[in-house]
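Hi,

Here is the structure I promised to pass on. Have a look at it first, then read my notes below with the model open beside you.

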Amino acid sequence: MIPKIILGRGPEAIRRTIGYLFGKGRANEHTDPHLVASWNGFAPDPGRSPHRDPKDAMAQLVAQLDQPVQMLGDKAPKDTVWHCPVRAAPEDPILTDAQWADIARRMVAAASIAPDGDEEACRWVAVRHADDHIHIAATLVRQDGRRPERGYDQRAVQREARKIEIDYGLRRLKPGDGTAAKRPTSKEHFKAKRLGQEAATRDVLRLRVRRAVAAASDEAEFFALLEATGVTVRFKLVPSGDALGCNFALPGDTNDKGEPVFYAGSTLAPDLSLPKIRKSLATTSTETVTVRPGDPWHQATAATERIPHHLIHGDDPTAQGQLVALGAVLDLLPISAPAAVKAELHQAAVAFERATRSRIAADLDSTRVLRRSVQAIWRDRPSDGDGSGFAMLLDTVLTAVAFAMHWHRAHQHAQQEAAAEQALVHLQITYGQVAEPVLAGLAQRTPSLQTKHRFAQHLHQAVPEHAERILNDAAWDALATVLAEAEAAGHNATAVLDQALGQRTLDDANNPARALTWRIRRLGQRHAPGPRAQAAKTRSATKRAAAPIHPVAATPPQAPPARRR
(Lines give C-alpha, C1' and ligand atoms only; values in the text may rest on other atoms or scores of the structure.)
Protein backbone atom coordinates (compact mmCIF):
# COMPACT_ATOMS: atom_id res chain seq x y z
CA MET A 1 0.00 0.00 0.00
CA ILE A 2 1.44 3.33 -1.07
CA PRO A 3 0.34 6.65 0.50
CA LYS A 4 1.66 9.87 -0.99
CA ILE A 5 1.21 13.38 0.41
CA ILE A 6 0.58 16.38 -1.87
CA LEU A 7 0.10 19.90 -0.53
CA GLY A 8 -2.26 22.40 -2.18
CA ARG A 9 -1.63 26.14 -1.98
CA GLY A 10 -3.93 29.12 -2.25
CA PRO A 11 -7.53 30.04 -1.47
CA GLU A 12 -8.92 27.88 -4.30
CA ALA A 13 -6.93 24.75 -3.51
CA ILE A 14 -9.71 22.76 -1.84
CA ARG A 15 -12.19 23.62 -4.59
CA ARG A 16 -9.74 22.40 -7.26
CA THR A 17 -8.97 19.22 -5.33
CA ILE A 18 -12.62 18.26 -4.71
CA GLY A 19 -13.50 19.16 -8.30
CA TYR A 20 -10.83 16.78 -9.57
CA LEU A 21 -11.78 13.95 -7.21
CA PHE A 22 -15.44 14.03 -8.22
CA GLY A 23 -14.76 14.72 -11.89
CA LYS A 24 -14.31 12.26 -14.74
CA GLY A 25 -10.52 12.32 -14.55
CA ARG A 26 -8.08 13.37 -17.21
CA ALA A 27 -8.66 10.19 -19.19
CA ASN A 28 -12.19 9.36 -17.98
CA GLU A 29 -10.61 6.98 -15.48
CA HIS A 30 -12.81 7.99 -12.53
CA THR A 31 -15.75 5.63 -12.01
CA ASP A 32 -18.50 6.15 -9.43
CA PRO A 33 -16.71 8.79 -7.30
CA HIS A 34 -18.20 8.89 -3.80
CA LEU A 35 -17.33 9.50 -0.16
CA VAL A 36 -16.33 6.55 2.00
CA ALA A 37 -15.53 8.58 5.14
CA SER A 38 -15.43 12.15 6.45
CA TRP A 39 -14.50 14.12 9.56
CA ASN A 40 -18.07 14.09 10.92
CA GLY A 41 -19.56 11.01 9.21
CA PHE A 42 -22.31 12.93 7.37
CA ALA A 43 -20.58 15.37 4.99
CA PRO A 44 -22.37 16.11 1.69
CA ASP A 45 -21.55 13.49 -0.98
CA PRO A 46 -21.67 14.92 -4.54
CA GLY A 47 -21.42 11.40 -5.93
CA ARG A 48 -24.24 9.79 -3.95
CA SER A 49 -26.89 12.55 -3.68
CA PRO A 50 -29.57 11.47 -6.19
CA HIS A 51 -32.08 14.13 -5.10
CA ARG A 52 -29.67 17.06 -5.34
CA ASP A 53 -27.74 18.73 -8.08
CA PRO A 54 -24.17 17.32 -7.74
CA LYS A 55 -22.76 20.81 -8.27
CA ASP A 56 -24.73 22.14 -5.29
CA ALA A 57 -23.56 19.23 -3.12
CA MET A 58 -19.96 19.83 -4.21
CA ALA A 59 -20.19 23.55 -3.43
CA GLN A 60 -21.59 22.76 0.03
CA LEU A 61 -18.83 20.20 0.68
CA VAL A 62 -16.12 22.66 -0.38
CA ALA A 63 -17.59 25.39 1.84
CA GLN A 64 -17.71 23.11 4.90
CA LEU A 65 -14.16 21.86 4.39
CA ASP A 66 -12.84 25.36 3.80
CA GLN A 67 -14.67 27.08 6.68
CA PRO A 68 -11.78 26.91 9.21
CA VAL A 69 -9.40 28.33 6.60
CA GLN A 70 -11.75 31.15 5.71
CA MET A 71 -12.16 32.06 9.36
CA LEU A 72 -8.45 32.97 9.53
CA GLY A 73 -8.67 35.37 6.61
CA ASP A 74 -5.25 36.86 5.83
CA LYS A 75 -3.67 34.77 8.59
CA ALA A 76 -4.44 31.52 6.78
CA PRO A 77 -1.37 29.39 5.91
CA LYS A 78 0.00 29.31 2.35
CA ASP A 79 -0.50 25.54 2.14
CA THR A 80 -4.20 25.01 2.75
CA VAL A 81 -4.85 21.47 1.49
CA TRP A 82 -3.41 18.10 2.52
CA HIS A 83 -4.09 15.57 -0.25
CA CYS A 84 -3.08 11.93 0.26
CA PRO A 85 -3.83 9.28 -2.37
CA VAL A 86 -3.59 5.77 -0.88
CA ARG A 87 -3.17 2.99 -3.42
CA ALA A 88 -3.26 -0.81 -3.02
CA ALA A 89 -1.05 -3.14 -5.07
CA PRO A 90 -2.53 -4.66 -8.26
CA GLU A 91 -2.47 -8.15 -6.75
CA ASP A 92 -4.27 -7.07 -3.54
CA PRO A 93 -7.92 -8.05 -3.01
CA ILE A 94 -10.54 -5.37 -3.73
CA LEU A 95 -11.38 -3.68 -0.45
CA THR A 96 -14.89 -2.63 0.59
CA ASP A 97 -15.91 0.97 1.24
CA ALA A 98 -15.99 0.21 4.97
CA GLN A 99 -12.41 -1.11 4.83
CA TRP A 100 -11.22 1.94 2.93
CA ALA A 101 -13.02 4.15 5.48
CA ASP A 102 -11.07 2.50 8.30
CA ILE A 103 -7.82 2.95 6.37
CA ALA A 104 -8.59 6.64 5.80
CA ARG A 105 -9.23 7.23 9.53
CA ARG A 106 -5.97 5.50 10.42
CA MET A 107 -4.04 7.62 7.92
CA VAL A 108 -5.37 11.01 9.09
CA ALA A 109 -4.77 9.96 12.70
CA ALA A 110 -1.19 8.86 11.97
CA ALA A 111 -0.45 12.13 10.18
CA SER A 112 -1.95 14.19 13.06
CA ILE A 113 -4.51 15.65 10.67
CA ALA A 114 -7.30 14.18 12.79
CA PRO A 115 -6.02 12.30 15.85
CA ASP A 116 -8.45 9.81 17.40
CA GLY A 117 -10.92 11.53 19.75
CA ASP A 118 -9.88 15.06 18.76
CA GLU A 119 -13.16 16.85 17.99
CA GLU A 120 -11.37 20.07 17.00
CA ALA A 121 -9.13 18.42 14.41
CA CYS A 122 -8.92 19.29 10.72
CA ARG A 123 -11.85 18.60 8.44
CA TRP A 124 -11.28 15.86 5.88
CA VAL A 125 -12.98 13.52 3.44
CA ALA A 126 -11.98 10.27 1.74
CA VAL A 127 -13.13 9.84 -1.87
CA ARG A 128 -13.15 6.56 -3.80
CA HIS A 129 -13.38 6.61 -7.57
CA ALA A 130 -11.60 3.32 -8.42
CA ASP A 131 -11.32 -0.17 -6.97
CA ASP A 132 -7.69 0.08 -5.93
CA HIS A 133 -7.31 3.46 -4.23
CA ILE A 134 -8.84 6.37 -2.33
CA HIS A 135 -7.95 10.06 -2.03
CA ILE A 136 -7.95 11.78 1.36
CA ALA A 137 -8.39 15.56 1.20
CA ALA A 138 -8.12 17.76 4.29
CA THR A 139 -7.83 21.47 4.98
CA LEU A 140 -4.78 22.49 6.99
CA VAL A 141 -6.48 24.56 9.67
CA ARG A 142 -8.03 22.86 12.67
CA GLN A 143 -11.57 23.71 13.70
CA ASP A 144 -10.16 25.58 16.71
CA GLY A 145 -8.12 27.78 14.36
CA ARG A 146 -4.73 26.21 15.09
CA ARG A 147 -2.41 24.49 12.63
CA PRO A 148 -2.09 20.70 12.79
CA GLU A 149 1.21 19.42 14.16
CA ARG A 150 2.01 17.33 11.13
CA GLY A 151 5.72 16.87 11.85
CA TYR A 152 7.08 14.01 9.77
CA ASP A 153 3.70 13.08 8.31
CA GLN A 154 5.12 11.33 5.24
CA ARG A 155 7.06 8.91 7.44
CA ALA A 156 4.08 8.52 9.74
CA VAL A 157 1.67 7.46 6.97
CA GLN A 158 4.27 5.08 5.56
CA ARG A 159 4.64 3.41 8.94
CA GLU A 160 0.87 3.15 9.25
CA ALA A 161 0.66 1.68 5.74
CA ARG A 162 3.03 -1.13 6.77
CA LYS A 163 0.72 -1.93 9.71
CA ILE A 164 -2.38 -1.82 7.47
CA GLU A 165 -0.74 -4.26 5.05
CA ILE A 166 -0.38 -6.76 7.90
CA ASP A 167 -3.87 -6.20 9.30
CA TYR A 168 -5.59 -6.59 5.92
CA GLY A 169 -3.34 -9.26 4.43
CA LEU A 170 -2.12 -6.97 1.64
CA ARG A 171 1.16 -7.08 -0.21
CA ARG A 172 3.83 -6.00 2.26
CA LEU A 173 6.17 -3.34 0.93
CA LYS A 174 9.69 -2.90 2.22
CA PRO A 175 10.43 0.04 4.51
CA GLY A 176 12.48 2.72 2.78
CA ASP A 177 15.18 5.15 3.81
CA GLY A 178 14.17 8.18 1.74
CA THR A 179 16.61 7.51 -1.11
CA ALA A 180 14.19 5.93 -3.59
CA ALA A 181 13.41 7.62 -6.88
CA LYS A 182 10.07 9.40 -7.09
CA ARG A 183 7.35 7.25 -8.62
CA PRO A 184 5.29 8.52 -11.56
CA THR A 185 1.93 9.94 -10.56
CA SER A 186 -1.36 8.60 -11.91
CA LYS A 187 -1.55 11.70 -14.10
CA GLU A 188 1.88 10.91 -15.58
CA HIS A 189 0.88 7.29 -16.24
CA PHE A 190 -2.30 8.29 -18.06
CA LYS A 191 -0.43 10.90 -20.06
CA ALA A 192 2.16 8.32 -21.15
CA LYS A 193 -0.64 6.03 -22.26
CA ARG A 194 -2.24 8.85 -24.23
CA LEU A 195 1.09 9.67 -25.90
CA GLY A 196 1.68 6.02 -26.78
CA GLN A 197 4.75 5.73 -24.51
CA GLU A 198 5.61 2.38 -22.92
CA ALA A 199 6.64 4.12 -19.70
CA ALA A 200 5.98 7.43 -17.97
CA THR A 201 8.19 10.33 -19.03
CA ARG A 202 9.80 10.44 -15.59
CA ASP A 203 10.97 6.82 -15.91
CA VAL A 204 12.17 7.28 -19.50
CA LEU A 205 14.19 10.35 -18.54
CA ARG A 206 15.68 8.62 -15.51
CA LEU A 207 16.97 5.76 -17.64
CA ARG A 208 18.38 8.02 -20.36
CA VAL A 209 20.12 10.32 -17.90
CA ARG A 210 21.57 7.37 -15.98
CA ARG A 211 22.90 5.81 -19.17
CA ALA A 212 24.45 9.10 -20.23
CA VAL A 213 26.18 9.37 -16.84
CA ALA A 214 27.42 5.79 -17.15
CA ALA A 215 28.71 6.29 -20.71
CA ALA A 216 30.19 9.79 -20.60
CA SER A 217 33.81 10.52 -19.84
CA ASP A 218 33.18 14.20 -19.06
CA GLU A 219 30.41 16.77 -18.75
CA ALA A 220 30.50 17.82 -22.40
CA GLU A 221 30.05 14.24 -23.58
CA PHE A 222 27.26 13.74 -21.04
CA PHE A 223 25.18 16.55 -22.51
CA ALA A 224 26.04 15.48 -26.06
CA LEU A 225 24.74 11.98 -25.31
CA LEU A 226 21.52 13.40 -23.89
CA GLU A 227 21.02 15.45 -27.04
CA ALA A 228 21.67 12.37 -29.18
CA THR A 229 18.96 10.45 -27.32
CA GLY A 230 16.38 13.21 -27.73
CA VAL A 231 16.54 14.71 -24.23
CA THR A 232 16.12 18.48 -23.98
CA VAL A 233 18.18 20.16 -21.26
CA ARG A 234 17.45 23.49 -19.57
CA PHE A 235 20.12 24.94 -17.30
CA LYS A 236 19.68 26.88 -14.09
CA LEU A 237 22.26 29.66 -14.40
CA VAL A 238 23.70 32.13 -11.91
CA PRO A 239 24.66 35.71 -12.93
CA SER A 240 28.20 34.56 -13.72
CA GLY A 241 26.80 32.20 -16.35
CA ASP A 242 27.73 29.03 -14.48
CA ALA A 243 25.19 26.21 -14.35
CA LEU A 244 24.05 25.22 -10.87
CA GLY A 245 21.41 22.77 -11.97
CA CYS A 246 19.58 21.40 -14.96
CA ASN A 247 16.14 20.13 -15.91
CA PHE A 248 15.30 17.50 -18.51
CA ALA A 249 12.38 17.05 -20.93
CA LEU A 250 11.29 14.72 -23.72
CA PRO A 251 10.08 16.02 -27.09
CA GLY A 252 6.32 15.71 -27.43
CA ASP A 253 5.71 15.81 -23.68
CA THR A 254 4.14 19.26 -23.29
CA ASN A 255 1.74 21.08 -20.99
CA ASP A 256 -1.57 22.74 -21.87
CA LYS A 257 0.33 25.69 -23.38
CA GLY A 258 2.41 23.46 -25.65
CA GLU A 259 5.57 24.03 -23.59
CA PRO A 260 7.95 21.17 -22.72
CA VAL A 261 7.41 19.61 -19.28
CA PHE A 262 10.78 19.73 -17.53
CA TYR A 263 11.86 17.52 -14.64
CA ALA A 264 14.65 18.55 -12.29
CA GLY A 265 17.38 15.92 -12.12
CA SER A 266 16.98 15.57 -8.36
CA THR A 267 13.28 14.70 -8.83
CA LEU A 268 14.16 11.91 -11.27
CA ALA A 269 16.44 10.35 -8.64
CA PRO A 270 18.38 11.71 -5.66
CA ASP A 271 21.72 11.05 -7.40
CA LEU A 272 20.81 12.81 -10.67
CA SER A 273 21.17 16.43 -9.56
CA LEU A 274 23.85 18.28 -11.53
CA PRO A 275 26.34 18.46 -8.60
CA LYS A 276 26.06 14.69 -8.05
CA ILE A 277 26.31 13.99 -11.77
CA ARG A 278 29.51 16.04 -11.88
CA LYS A 279 30.90 14.10 -8.94
CA SER A 280 30.17 10.84 -10.73
CA LEU A 281 31.72 12.04 -14.00
CA ALA A 282 34.90 12.98 -12.13
CA THR A 283 35.62 9.26 -11.68
CA THR A 284 35.69 8.68 -15.46
CA SER A 285 37.85 11.63 -16.51
CA THR A 286 40.62 10.52 -18.86
CA GLU A 287 43.01 12.73 -16.90
CA THR A 288 42.37 10.84 -13.68
CA VAL A 289 43.08 7.25 -14.61
CA THR A 290 44.34 5.39 -17.63
CA VAL A 291 43.15 1.88 -18.36
CA ARG A 292 46.02 -0.15 -19.77
CA PRO A 293 45.62 -1.48 -23.31
CA GLY A 294 44.05 -4.92 -23.43
CA ASP A 295 40.83 -6.79 -24.02
CA PRO A 296 38.01 -4.57 -22.63
CA TRP A 297 35.89 -7.65 -21.87
CA HIS A 298 38.68 -9.07 -19.70
CA GLN A 299 39.38 -5.74 -18.02
CA ALA A 300 35.72 -5.15 -17.16
CA THR A 301 35.40 -8.73 -15.92
CA ALA A 302 38.50 -8.42 -13.73
CA ALA A 303 37.26 -5.14 -12.22
CA THR A 304 33.77 -6.55 -11.59
CA GLU A 305 35.30 -9.62 -9.92
CA ARG A 306 36.75 -7.33 -7.26
CA ILE A 307 33.35 -5.99 -6.18
CA PRO A 308 32.61 -8.87 -3.72
CA HIS A 309 36.00 -8.27 -2.06
CA HIS A 310 35.17 -4.57 -1.58
CA LEU A 311 31.73 -5.43 -0.20
CA ILE A 312 33.17 -7.91 2.31
CA HIS A 313 36.37 -6.17 3.36
CA GLY A 314 35.94 -2.48 2.42
CA ASP A 315 34.43 0.25 4.55
CA ASP A 316 30.82 1.27 3.96
CA PRO A 317 31.50 4.31 1.71
CA THR A 318 33.78 2.19 -0.52
CA ALA A 319 31.19 -0.58 -0.70
CA GLN A 320 28.46 1.92 -1.56
CA GLY A 321 30.67 3.32 -4.32
CA GLN A 322 31.06 -0.18 -5.76
CA LEU A 323 27.28 -0.54 -5.92
CA VAL A 324 27.03 2.76 -7.81
CA ALA A 325 29.58 1.48 -10.32
CA LEU A 326 27.79 -1.86 -10.59
CA GLY A 327 24.61 0.03 -11.41
CA ALA A 328 26.47 1.87 -14.19
CA VAL A 329 27.63 -1.48 -15.61
CA LEU A 330 24.04 -2.73 -15.67
CA ASP A 331 22.87 0.51 -17.30
CA LEU A 332 25.26 -0.01 -20.23
CA LEU A 333 25.09 -3.81 -20.58
CA PRO A 334 21.82 -3.86 -22.58
CA ILE A 335 23.41 -1.70 -25.28
CA SER A 336 26.20 -4.24 -25.90
CA ALA A 337 24.03 -7.32 -25.38
CA PRO A 338 22.68 -9.71 -28.02
CA ALA A 339 19.24 -8.64 -29.23
CA ALA A 340 17.52 -11.65 -27.64
CA VAL A 341 18.45 -10.61 -24.08
CA LYS A 342 18.33 -6.80 -24.29
CA ALA A 343 14.84 -6.56 -22.77
CA GLU A 344 15.67 -8.85 -19.84
CA LEU A 345 18.89 -6.94 -19.11
CA HIS A 346 16.98 -3.68 -19.30
CA GLN A 347 14.63 -4.98 -16.60
CA ALA A 348 17.63 -5.99 -14.48
CA ALA A 349 19.09 -2.48 -14.76
CA VAL A 350 15.77 -0.83 -13.89
CA ALA A 351 15.37 -3.10 -10.85
CA PHE A 352 18.94 -2.65 -9.58
CA GLU A 353 18.73 1.16 -9.82
CA ARG A 354 17.09 1.17 -6.38
CA ALA A 355 20.01 -0.85 -4.97
CA THR A 356 22.57 1.79 -5.96
CA ARG A 357 21.56 4.31 -3.27
CA SER A 358 21.34 4.35 0.50
CA ARG A 359 21.98 6.82 3.28
CA ILE A 360 25.67 5.88 3.12
CA ALA A 361 27.68 8.39 1.07
CA ALA A 362 29.46 6.67 -1.80
CA ASP A 363 33.26 6.83 -2.20
CA LEU A 364 33.82 6.45 -5.93
CA ASP A 365 37.62 6.48 -5.97
CA SER A 366 37.90 2.69 -6.22
CA THR A 367 35.48 2.49 -9.16
CA ARG A 368 37.51 4.29 -11.81
CA VAL A 369 38.96 1.28 -13.64
CA LEU A 370 35.63 -0.57 -13.72
CA ARG A 371 33.73 2.38 -15.13
CA ARG A 372 36.39 3.18 -17.72
CA SER A 373 36.63 -0.43 -18.90
CA VAL A 374 32.85 -0.77 -19.30
CA GLN A 375 32.80 2.53 -21.16
CA ALA A 376 35.41 1.09 -23.52
CA ILE A 377 33.05 -1.80 -24.34
CA TRP A 378 30.20 0.64 -24.99
CA ARG A 379 32.34 3.03 -27.03
CA ASP A 380 34.61 0.69 -29.02
CA ARG A 381 32.29 -2.32 -29.48
CA PRO A 382 35.18 -4.84 -29.24
CA SER A 383 34.79 -8.13 -31.10
CA ASP A 384 33.42 -11.05 -29.13
CA GLY A 385 33.44 -13.90 -31.60
CA ASP A 386 31.74 -16.73 -29.73
CA GLY A 387 30.10 -14.53 -27.10
CA SER A 388 32.40 -15.70 -24.31
CA GLY A 389 33.49 -12.15 -23.44
CA PHE A 390 29.95 -11.06 -22.74
CA ALA A 391 29.20 -14.33 -20.90
CA MET A 392 32.30 -13.88 -18.71
CA LEU A 393 31.31 -10.35 -17.77
CA LEU A 394 27.70 -11.36 -17.13
CA ASP A 395 28.88 -14.17 -14.83
CA THR A 396 30.84 -11.76 -12.65
CA VAL A 397 27.99 -9.22 -12.67
CA LEU A 398 25.65 -11.97 -11.46
CA THR A 399 28.00 -12.79 -8.60
CA ALA A 400 28.42 -9.11 -7.70
CA VAL A 401 24.65 -8.55 -7.56
CA ALA A 402 24.29 -11.58 -5.27
CA PHE A 403 26.87 -10.08 -2.92
CA ALA A 404 25.14 -6.69 -3.18
CA MET A 405 21.89 -8.29 -2.04
CA HIS A 406 23.71 -9.80 0.96
CA TRP A 407 25.42 -6.48 1.79
CA HIS A 408 22.12 -4.61 1.82
CA ARG A 409 20.56 -7.34 3.96
CA ALA A 410 23.38 -7.02 6.48
CA HIS A 411 22.80 -3.25 6.59
CA GLN A 412 19.01 -3.69 6.89
CA HIS A 413 18.34 -1.87 3.61
CA ALA A 414 15.09 -3.71 2.89
CA GLN A 415 14.11 -1.96 -0.35
CA GLN A 416 17.63 -2.18 -1.77
CA GLU A 417 17.89 -5.86 -0.88
CA ALA A 418 14.58 -6.56 -2.63
CA ALA A 419 15.73 -4.58 -5.68
CA ALA A 420 18.98 -6.57 -5.93
CA GLU A 421 17.05 -9.82 -5.57
CA GLN A 422 14.69 -8.79 -8.37
CA ALA A 423 17.65 -7.85 -10.60
CA LEU A 424 19.21 -11.22 -9.84
CA VAL A 425 16.17 -13.03 -11.26
CA HIS A 426 16.43 -11.14 -14.56
CA LEU A 427 20.19 -11.73 -14.71
CA GLN A 428 19.83 -15.47 -14.11
CA ILE A 429 17.37 -15.71 -17.01
CA THR A 430 19.76 -13.74 -19.23
CA TYR A 431 22.76 -15.77 -18.15
CA GLY A 432 21.09 -19.03 -19.12
CA GLN A 433 20.34 -17.70 -22.59
CA VAL A 434 23.83 -16.28 -23.10
CA ALA A 435 26.06 -18.90 -21.46
CA GLU A 436 24.54 -22.16 -22.69
CA PRO A 437 25.39 -21.68 -26.40
CA VAL A 438 28.96 -20.61 -25.55
CA LEU A 439 29.52 -23.55 -23.22
CA ALA A 440 28.03 -25.96 -25.75
CA GLY A 441 30.41 -24.66 -28.40
CA LEU A 442 33.39 -25.12 -26.09
CA ALA A 443 32.25 -28.63 -25.13
CA GLN A 444 32.30 -29.68 -28.78
CA ARG A 445 36.07 -29.08 -28.78
CA THR A 446 36.76 -31.01 -25.58
CA PRO A 447 40.26 -32.61 -25.49
CA SER A 448 41.14 -36.30 -25.34
CA LEU A 449 40.21 -38.51 -22.39
CA GLN A 450 43.88 -38.72 -21.43
CA THR A 451 44.17 -34.92 -21.21
CA LYS A 452 40.93 -34.65 -19.26
CA HIS A 453 42.14 -37.35 -16.85
CA ARG A 454 45.31 -35.33 -16.25
CA PHE A 455 43.30 -32.21 -15.45
CA ALA A 456 40.97 -34.22 -13.20
CA GLN A 457 43.92 -35.59 -11.21
CA HIS A 458 45.14 -32.07 -10.48
CA LEU A 459 41.67 -31.01 -9.37
CA HIS A 460 41.59 -33.85 -6.85
CA GLN A 461 44.98 -32.70 -5.53
CA ALA A 462 44.25 -28.96 -5.46
CA VAL A 463 40.62 -28.83 -4.29
CA PRO A 464 39.52 -32.28 -3.08
CA GLU A 465 36.44 -30.76 -1.45
CA HIS A 466 35.16 -29.48 -4.81
CA ALA A 467 36.67 -31.93 -7.30
CA GLU A 468 33.68 -34.27 -7.67
CA ARG A 469 31.25 -31.37 -8.04
CA ILE A 470 33.41 -29.91 -10.80
CA LEU A 471 33.82 -33.22 -12.64
CA ASN A 472 30.08 -33.93 -12.45
CA ASP A 473 29.15 -30.43 -13.60
CA ALA A 474 27.60 -30.23 -17.08
CA ALA A 475 30.26 -27.63 -17.96
CA TRP A 476 33.20 -29.96 -17.25
CA ASP A 477 33.85 -30.57 -20.97
CA ALA A 478 33.90 -26.81 -21.59
CA LEU A 479 36.33 -26.34 -18.69
CA ALA A 480 38.63 -29.03 -20.08
CA THR A 481 38.54 -27.27 -23.46
CA VAL A 482 39.66 -23.89 -22.13
CA LEU A 483 42.41 -25.57 -20.07
CA ALA A 484 43.67 -27.36 -23.20
CA GLU A 485 43.50 -24.13 -25.23
CA ALA A 486 45.46 -22.28 -22.55
CA GLU A 487 48.08 -25.03 -22.66
CA ALA A 488 48.23 -24.81 -26.45
CA ALA A 489 48.83 -21.05 -26.15
CA GLY A 490 51.97 -21.69 -24.07
CA HIS A 491 50.54 -21.59 -20.54
CA ASN A 492 51.09 -24.20 -17.87
CA ALA A 493 47.58 -25.60 -17.50
CA THR A 494 48.21 -26.63 -13.90
CA ALA A 495 49.42 -23.14 -12.96
CA VAL A 496 46.48 -21.49 -14.71
CA LEU A 497 44.03 -23.80 -12.93
CA ASP A 498 45.66 -23.05 -9.58
CA GLN A 499 45.40 -19.34 -10.26
CA ALA A 500 41.72 -19.64 -11.19
CA LEU A 501 40.99 -21.69 -8.08
CA GLY A 502 42.68 -19.10 -5.92
CA GLN A 503 40.73 -16.12 -7.23
CA ARG A 504 37.63 -16.77 -5.14
CA THR A 505 36.01 -19.62 -3.24
CA LEU A 506 33.70 -22.04 -5.05
CA ASP A 507 31.61 -22.62 -1.93
CA ASP A 508 28.71 -20.49 -3.18
CA ALA A 509 28.80 -21.68 -6.81
CA ASN A 510 26.01 -24.00 -7.95
CA ASN A 511 28.01 -24.69 -11.13
CA PRO A 512 31.69 -24.59 -10.18
CA ALA A 513 32.89 -25.79 -13.60
CA ARG A 514 31.13 -22.85 -15.24
CA ALA A 515 32.74 -20.40 -12.85
CA LEU A 516 36.19 -21.85 -13.53
CA THR A 517 35.60 -21.92 -17.29
CA TRP A 518 35.20 -18.14 -17.45
CA ARG A 519 38.16 -17.50 -15.15
CA ILE A 520 40.46 -19.78 -17.11
CA ARG A 521 39.23 -18.46 -20.45
CA ARG A 522 40.28 -14.99 -19.38
CA LEU A 523 43.60 -16.12 -17.86
CA GLY A 524 44.41 -18.33 -20.84
CA GLN A 525 44.02 -15.47 -23.30
CA ARG A 526 46.69 -13.43 -21.57
CA HIS A 527 50.22 -13.39 -22.94
CA ALA A 528 51.90 -16.70 -22.03
CA PRO A 529 54.91 -16.43 -19.66
CA GLY A 530 58.41 -17.19 -20.94
CA PRO A 531 60.35 -20.38 -20.07
CA ARG A 532 62.03 -18.88 -16.99
CA ALA A 533 58.75 -17.63 -15.52
CA GLN A 534 57.14 -20.94 -16.43
CA ALA A 535 59.83 -22.84 -14.51
CA ALA A 536 59.39 -20.60 -11.48
CA LYS A 537 55.65 -21.25 -11.49
CA THR A 538 56.28 -25.00 -11.74
CA ARG A 539 58.61 -24.92 -8.70
CA SER A 540 56.01 -22.90 -6.77
CA ALA A 541 53.27 -25.37 -7.72
CA THR A 542 55.47 -28.29 -6.60
CA LYS A 543 55.98 -26.71 -3.19
CA ARG A 544 52.24 -26.13 -2.80
CA ALA A 545 51.50 -29.73 -3.80
CA ALA A 546 53.83 -30.99 -1.07
CA ALA A 547 52.14 -28.86 1.56
CA PRO A 548 48.94 -29.88 3.42
CA ILE A 549 45.79 -29.20 1.44
CA HIS A 550 43.56 -26.37 2.68
CA PRO A 551 40.50 -24.74 1.16
CA VAL A 552 41.47 -22.18 -1.48
CA ALA A 553 39.84 -19.30 0.33
CA ALA A 554 38.01 -18.67 3.53
CA THR A 555 34.27 -18.50 3.19
CA PRO A 556 33.14 -14.92 3.87
CA PRO A 557 31.00 -14.54 6.98
CA GLN A 558 27.28 -14.85 6.25
CA ALA A 559 27.94 -15.44 2.57
CA PRO A 560 25.03 -14.75 0.22
CA PRO A 561 22.80 -17.64 -0.81
CA ALA A 562 24.00 -19.84 -3.62
CA ARG A 563 23.11 -18.49 -7.02
CA ARG A 564 22.60 -20.29 -10.28
CA ARG A 565 25.45 -20.24 -12.68
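Let's start with strand β1, residues 2-3, which pairs with β4 in the antiparallel sense over two bridges. If you want a spot to find this pairing on screen, go to Ile2, whose bridge partner in β4 is Arg87. Keep in mind as you click around that this is a predicted model.

β4 has other partners too. Strand β2 (residues 6-9) also pairs with β4 in the antiparallel sense, and here there are four bridges. Look for Gly8, which stands opposite Val81 in β4. Then there is strand β6, residues 133-139: β4 and β6 make an antiparallel pair over seven bridges. In that pair, Pro85 stands opposite His135 in β6.

So how much of β4 is covered? Mostly covered is the answer: β4 spans residues 79-87, and seven of those nine residues are buried.

Next, the helices. Two packed helices are described by the angle between their axes and the distance between the axes. For helix α3 (residues 97-110) and helix α4 (residues 153-168), the axes come within 9 Å and cross at roughly 150°. An angle over 145 degrees counts as roughly antiparallel, so α3 is roughly antiparallel to α4. The crossing of α3 past α4 is right-handed.

Which residues meet there? On the α3 side you'll find Gln99, Asp102, Ile103, Arg106, Met107 and Ala110. On the α4 side they meet Ala156, Val157, Glu160, Ala161, Lys163, Ile164, Asp167 and Tyr168. Sorted by type, the residues of this contact come out as eight nonpolar, one polar and five charged.

One last stop: Thr396. You'll find Thr396 in helix α15, which covers residues 388-410. Is Thr396 buried or exposed? Its relative accessible area is 7%, and the cut-off for buried is under 20%, so Thr396 counts as buried. What is Thr396 in contact with, leaving aside its neighbours within four places in sequence? The residues to click on are Thr301, Thr304 and Glu305. You could also try the distance from Thr396 to Arg211: they are 185 residues apart along the chain, and their C-alpha atoms are separated by 20 Å.

That's my tour. Shout if you get lost anywhere!

Cheers

Notes. Residues numbered from 1 in each chain as written. Predicted model: local features only at pLDDT ≥ 70, side-chain atom pairs only at ≥ 80, totals over all residues. Heavy atoms only, no water. Buried < 20%, exposed > 50% of the residue type's maximum accessible area, 1.4 Å probe, protein only. Pairing = 2+ DSSP bridges. Axes fitted to C-alpha atoms, helices over the stretch in contact; angles between N-to-C directions. Parallel < 35°, antiparallel > 145°, perpendicular 65-115°, else oblique. Left-handed = near helix turned anticlockwise from the far one by under 90°. Contact = heavy atoms within 4.5 Å. Nonpolar A, V, L, I, M, F, W, Y, C, P; charged D, E, K, R; others polar.
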